[in-house]
Amino acid sequence: MSTVTTATTVTTTPRSPLTLVRRTAWLAGALFWSAFAVLEAVNHGWLAGTFAFAFLVAPDLTFLVALDDAPRMAKGRLSPRAVPYYNAMHRALVPLALMALYAFGPFTWAPLFAALCGWLAHISYDRAFGYGLRTKEGFQRG
């Protein structure tokens with residue numbers, strides 16, 4: 001009695017070592033900003049925690065801008081109407097610039113800083129898991 005075993009070959013695209021380093025750095029940043037947001041929530045109460053969580057989720061709400069276009073879009077594609085909003089909410093320089101203004105400005109409010117930490121955590125997690133900005137047609141940039 002003989003048994004025949006067949007093997008299936010899975011092909012994956014090779015990732016460069018630089019991509020692995022870059023994603024690992026983004027993941028380290030994501031963990032840092034998440035921990036900072038939790039620290040702000042613990043130190044400054046439920047309002048800071050609520051703001052941190054809301055801004056952790058808020059960048060992906062830009063998908064709702066063109067929800068009616070979703071059934072006609074290819075898998076993984078975002079509606080071109082939603083792309084400017086998505087890209088604006090997923091640029092790390094925006095919350096970083098707001099943090100710099102917060103750090104050197106006269107206005108200090110802990111829930112605002114917690115929100116910025118949550119926003120940066122979201123962007124960092126996206127980059128760590130391979131999601132980045134979109135092209136004007138709605139596809140992931142390569």
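Let's start at the largest pocket, whose lining is made up of T19, R22, R23, W26, R127, G130, Y131, G132, L133, Q140, R141 and G142. The volume of this pocket is about 310 Å³. Helix α1 supplies 4 residues, the largest share of the lining. By character, the lining splits into 5 polar, 4 charged and 3 nonpolar residues.

Before going further, a word on confidence, as this is a predicted model. The protein chain has a mean pLDDT of 91, and 90% of its residues score 70 or more. One stretch to treat with care is residues 6-11, where the pLDDT falls below 50. In the model, that stretch makes 0 contacts beyond near neighbours in sequence.

Back at the pocket, two of the lining residues are good places to pause: T19 and R23. T19 sits in helix α1, and it counts as partly exposed because its relative accessibility is 23%, between the 20% and 50% cut-offs. Although T19 and G130 are 111 residues apart in sequence, their C-alpha atoms are 9.4 Å apart in space. Both T19 and G130 belong to the pocket lining, so you can follow that pair across the model while looking at the list above. R23 is also part of helix α1. With a relative accessible area of 27%, R23 is partly exposed. Leaving out residues up to four places away in sequence, R23 touches R15, R127, A128, F129 and G130. Among these partners, R127 and G130 are also named in the pocket lining. For a sense of distance, R23 and R77 lie 54 residues apart in sequence, and their C-alpha atoms are 22 Å apart in space.

One of the partners of R23 is F129, found in the segment after α5. Is F129 buried or exposed? F129 counts as exposed, because its relative accessibility is 53% and the cut-off for exposed is over 50%. Further along the chain, F139 is 10 residues from F129 in sequence and 16 Å from it in space, C-alpha to C-alpha.

From here we can turn to the interior. The largest nonpolar core holds 15 residues, and those touching the most other members are W33, M99, F113, C117 and L120. Four helices each supply at least two residues of this core: α1 (17-44), α2 (46-57), α4 (93-104) and α5 (110-128). Which helix gives the most to the core? That is α5, with 8 residues. A good residue to follow here is C117, which is in contact with W33, F36, A37 and M99 once its neighbours within four places in sequence are left aside. Two of these partners, W33 and M99, are listed with C117 among the core residues that touch the most other members.

Helix α5 also holds S124. This serine counts as buried because its relative accessibility is 3%, and the cut-off for buried is under 20%. Not counting residues up to four places away in sequence, S124 touches W26, G29, A30 and W33. Two of these partners lead back to places already visited: W26 lines the largest pocket, and W33 is a member of the largest nonpolar core.

There is also a second, separate core of 5 residues, including A66, L78, V83 and Y86. Two residues in the loop between α2 and α3 help to place it. S79 is found in this loop, with α3 spanning 83-89. S79 is buried, as its relative accessible area is 4%. With neighbours within four places in sequence set aside, S79 is in contact with A66, D69 and M73. A66 is itself one of the residues of the second core.

The other loop residue is D60, which also lies between α2 and α3. What puts D60 in the partly exposed class? The reason is its relative accessibility of 28%. Apart from neighbours within four places in sequence, D60 is in contact with Y86, H90, H122 and D126. Y86 is included in the second core, while the range of α5, 110-128, takes in H122 and D126. D60 and T135 are 75 residues apart in sequence, with their C-alpha atoms 16 Å apart in space.

Definitions and conventions. Residues are numbered from 1 along each chain as its sequence is written. This is a predicted model: local features need pLDDT of at least 70, side-chain atom pairs count only at pLDDT 80 or more; totals for chains, interfaces and linings use all residues. Side-chain values use heavy atoms; hydrogens and water are left out. pLDDT is the predictor's confidence in each residue, from 0 to 100. Contact means heavy atoms within 4.5 Å. A nonpolar core is a set of buried Ala, Val, Leu, Ile, Met, Phe, Trp, Tyr and Cys residues joined through side-chain atoms within 4.5 Å. Buried means under 20% relative accessible area, exposed over 50%, partly exposed in between (1.4 Å probe, protein chains only). On a 1 Å grid over the protein atoms alone, a cavity is a set of points where a 1.4 Å probe fits but cannot get out, and a pocket is an open set with protein on both sides within 12 Å along at least five of seven lines; lining residues have an atom within 4 Å of a point. Grid points are joined across faces, edges and corners, and a volume is the space filled by probe spheres set on the points. Ala, Val, Leu, Ile, Met, Phe, Trp, Tyr, Cys and Pro count as nonpolar, Asp, Glu, Lys and Arg as charged, and the others, Gly among them, as polar.
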